Amino acid sequence: MPMITLRYASAEDAAALRPALAAEASRLAAEVLGKDPGVTAVLVEPADPATWFVAGRSLAEHGLSAYWLDIKITAGTNTKGETARFVREAHSALSRLLGPVHQESYVLVHAADGHAYGYGGRTQEARWAAANPG
């Protein structure tokens, strides 16, 4: 049940890319992290390259795109190797979709405790307990 927020800035009008960006983020969560796409939510938010700064210069000045991908998952459900692979493959996929990206583009795999994270009014810990009685 990951929640993925993907903020991006691109010199190109990437509005048409939003569905592809959302699909790619969801695909990676499923294939690399084993997350159920049926309960994966993705928020794709554009940003103006003139308002995104790296090293004191805007992306518009750099002539590059950039992104910030934040995925929230339940702690203990993935290995370090899986999360490292997710970071690597997300960078590769977003670079393909957005064109040349600034090296200062980020992926955060945020692993939250099951008692502090949930959806539909129930925590992940409560869902696990209900599925594993006794």
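Is Glu31 buried or exposed? In this predicted model, Glu31 counts as exposed, because its relative accessibility is 51% and the cut-off for that class is over 50%.

**Charged pairs**

Side chains of opposite charge can pair when their charged atoms come close. Where a side-chain nitrogen of Lys or Arg lies within 4 Å of a carboxyl oxygen of Asp or Glu, the pair is called a salt bridge, and by this rule the structure holds six salt bridges. The table sets out some of them, including the one that involves Glu31.

| Salt bridge | N to O distance |
|---|---|
| Glu24 and Arg27 | 2.5 Å |
| Glu31 and Arg27 | 2.5 Å |
| Lys72 and Asp70 | 2.9 Å |

Arg27 appears with two partners, since its side chain meets that of Glu24 and also that of Glu31. Glu24 and Arg27 stand three residues apart in helix α1, which covers residues 18–33, and this spacing means that about one helical turn separates them. Glu31 and Arg27 also both lie in helix α1, where they are four residues apart, again about one turn of the helix.

The residues of these two pairs fall into several accessibility classes. Glu24 is buried, because its relative accessible area is 15% and buried means under 20%. Arg27, with a relative accessible area of 29%, is partly exposed, whereas Glu31, as said at the start, is exposed at 51%.

The pair of Lys72 and Asp70 brings together a partly exposed residue and a buried one: Lys72 has a relative accessible area of 26%, while Asp70 has a relative accessibility of 10%. Turning back to the residues of helix α1, salt bridges that share partners join Glu24, Arg27 and Glu31, together with Arg96, into one network.

**A nonpolar patch**

Which residues form a nonpolar patch on the surface? They are Trp68, Tyr106 and Leu108, and together they have about 270 Å² of accessible area. One of them, Leu108, has its place in strand β6, which is made up of residues 106–112. Leu108 counts as partly exposed, with a relative accessibility of 33%, and this value fits the rule that residues of a patch must have over 30% relative accessible area.

How values were computed. Residues numbered from 1 in each chain as written. Predicted model: local features only at pLDDT ≥ 70, side-chain atom pairs only at ≥ 80, totals over all residues. Heavy atoms only, no water. Helix = DSSP H or I, 4+ residues; strand = E, 2+ residues; numbered from the N terminus. Buried < 20%, exposed > 50% of the residue type's maximum accessible area, 1.4 Å probe, protein only. Patch = residues over 30% accessible without salt bridge, like charges linked within 9 Å, V, L, I, M, F, W, Y side chains within 5 Å. Areas by Shrake-Rupley, 256 points an atom, 1.4 Å probe, with all protein chains shown as cover.
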